[in-house]
Amino acid sequence: MNRVRDKRFPDTPCAVINQKARGVCQFSWVCEGKKRIHDMAVYARARRVAEDVYLKNVGDVTRGAKFYHANYVSPSWGRVFKRTTVIGDHIFYKG
């Protein structure tokens with residue numbers, strides 16, 4: 001939702017999720033074709049969390065982040081933006 005509110009990004013959640021920048025997907029699973037649901041319990045929980053965020057039932061746990069990556073990679077842009085938090089295996093940044 002932080003990206004939806006930012007003019008540099010598309011203005012709907014679906015458009016943000018499916019956005020490509022210079023031919024690269026913003027969310028790797030979109031380009032990798034991993035859209036099949038393998039665990040319905042995990043999917044149901046993720047859907048509830050997404051709905052709560054969309055409906056503003058929860059606050060921004062990323063503290064304004066618009067970028068993130070897994071902790072096992074080290075993208076060059078990670079040194080440019082301000083780190084806001086770590087959630088699980090992901091590091092979040094403002095930018």
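α4 gives 10 residues to the lining of the largest pocket, the most of any element. The model is predicted. This report covers its two largest pockets.

**Largest pocket**

About 2,000 Å³ of space lies here. The lining counts 40 residues, and I17, F27, A46, V49 and A50 are the closest to the centre of the pocket. Five elements each supply two or more lining residues: α1 (2-5), α2 (13-18), α4 (40-54), β3 (67-70) and β5 (90-94). By class, the lining of the largest pocket splits into 23 nonpolar, five polar and 12 charged residues.

**Second largest pocket**

This pocket has a volume of about 650 Å³. Its lining holds 21 residues, with R3, C25, Q26, Y68 and W77 nearest the centre. Two or more residues come from each of β2 (24-25), α3 (28-31) and β3. The largest share is that of β3, with four residues. The classes here are 14 nonpolar, five polar and two charged residues.

**Side by side**

| Pocket | Volume | Lining | Top element |
|---|---|---|---|
| Largest pocket | about 2,000 Å³ | 40 residues | α4, 10 residues |
| Second largest pocket | about 650 Å³ | 21 residues | β3, four residues |

Which strand gives two or more residues to the lining of the second largest pocket, besides β2? That strand is β3. β3 is also among the elements that give two or more residues to the lining of the largest pocket.

Terms used. Residues numbered from 1 in each chain as written. Predicted model: local features only at pLDDT ≥ 70, side-chain atom pairs only at ≥ 80, totals over all residues. Heavy atoms only, no water. 1 Å grid on protein atoms, 1.4 Å probe; cavity = no way out; pocket = protein on both sides within 12 Å on 5 of 7 lines; lining within 4 Å. Points joined across faces, edges and corners; volume = space filled by probe spheres on them. Nonpolar A, V, L, I, M, F, W, Y, C, P; charged D, E, K, R; others polar.
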